[in-house]
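Colleague: I would like to learn how to read salt bridges and strand pairing in a model. Could we work through one example?

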Amino acid sequence: MKQIGLIGVGNMGEALLSGLLNRGDIAKSEVIIHSKTVANQERTAQKYGVETCANNKDLARQAKIIILAIKP
């Protein structure tokens, strides 16, 4: 089970992810991400070395903490 699941990796989601990883608060291996924009999801996963998930439901099953970084 991953520690953190991040739904949405646009500007806000990527900033949160970057901050968590750069501060050393959590390891890359403990993060899973999902975005409705597949290209954005893959770009972010490669840039930060984190795992991706096929959909939000699977992400919710795999993460202890879920961060919603989406537009209302």
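Colleague: How many salt bridges does the count come to?

Modeller: Keep in mind that this is a predicted model. Side chains of opposite charge can pair when their charged atoms come close. Taking a side-chain nitrogen of Lys or Arg within 4 Å of a carboxyl oxygen of Asp or Glu as the rule, the count is five salt bridges.

Colleague: Which side chain meets Lys 2 in a salt bridge?

Modeller: That of Glu 51, at 3.0 Å from N to O. Glu 51 belongs to strand E3 (residues 51–52) and Lys 2 to strand E1, so this pair ties together parts that are 49 residues apart in sequence.

Colleague: Is Lys 2 buried or exposed?

Modeller: Buried means under 20% relative accessible area. Lys 2 has 17%, so Lys 2 is buried. Its partner Glu 51 is partly exposed, at 36%.

Colleague: Which residues are linked in a network of salt bridges?

Modeller: Glu 14, Arg 43 and Lys 47. Within that network, Arg 43 forms a salt bridge with Glu 14, with the closest N and O atoms 3.2 Å apart. Arg 43 sits in helix H2 (residues 38–48) and Glu 14 in helix H1, so the pair ties together parts that are 29 residues apart in sequence. Glu 14 is buried at 13% relative accessibility, while Arg 43 is partly exposed at 38%.

Colleague: What does Arg 23 form with Asp 25?

Modeller: The side chains of Asp 25 and Arg 23 meet in a salt bridge, 3.3 Å from N to O. Arg 23 counts as exposed at 67% relative accessibility, and Asp 25 as partly exposed at 45%.

Colleague: Now the strands. Why is strand E1 described as largely enclosed?

Modeller: In a regular strand the side chains alternate between the two faces of the sheet. For E1 (residues 2–7), the reasoning rests on burial: five of its six residues are buried, so the strand is largely enclosed by the rest of the structure.

Colleague: In what sense do E1 and strand E4 pair?

Modeller: In the parallel sense, over five bridges, with E4 spanning residues 63–68. Lys 2 stands opposite Ala 63 in E4. E1 also pairs in the parallel sense with strand E2 (residues 31–34), over four bridges. There, Ile 7 stands opposite His 34.

Colleague: Through which helix does the chain cross from E1 to E2?

Modeller: Through helix H1 (residues 11–23), in a β-α-β crossover that is right-handed.

Key:
Residues numbered from 1 in each chain as written. Predicted model: local features only at pLDDT ≥ 70, side-chain atom pairs only at ≥ 80, totals over all residues. Heavy atoms only, no water. Buried < 20%, exposed > 50% of the residue type's maximum accessible area, 1.4 Å probe, protein only. Helix = DSSP H or I, 4+ residues; strand = E, 2+ residues; numbered from the N terminus. Pairing = 2+ DSSP bridges. Right-handed = clockwise from strand over helix to strand, strands pointing away.
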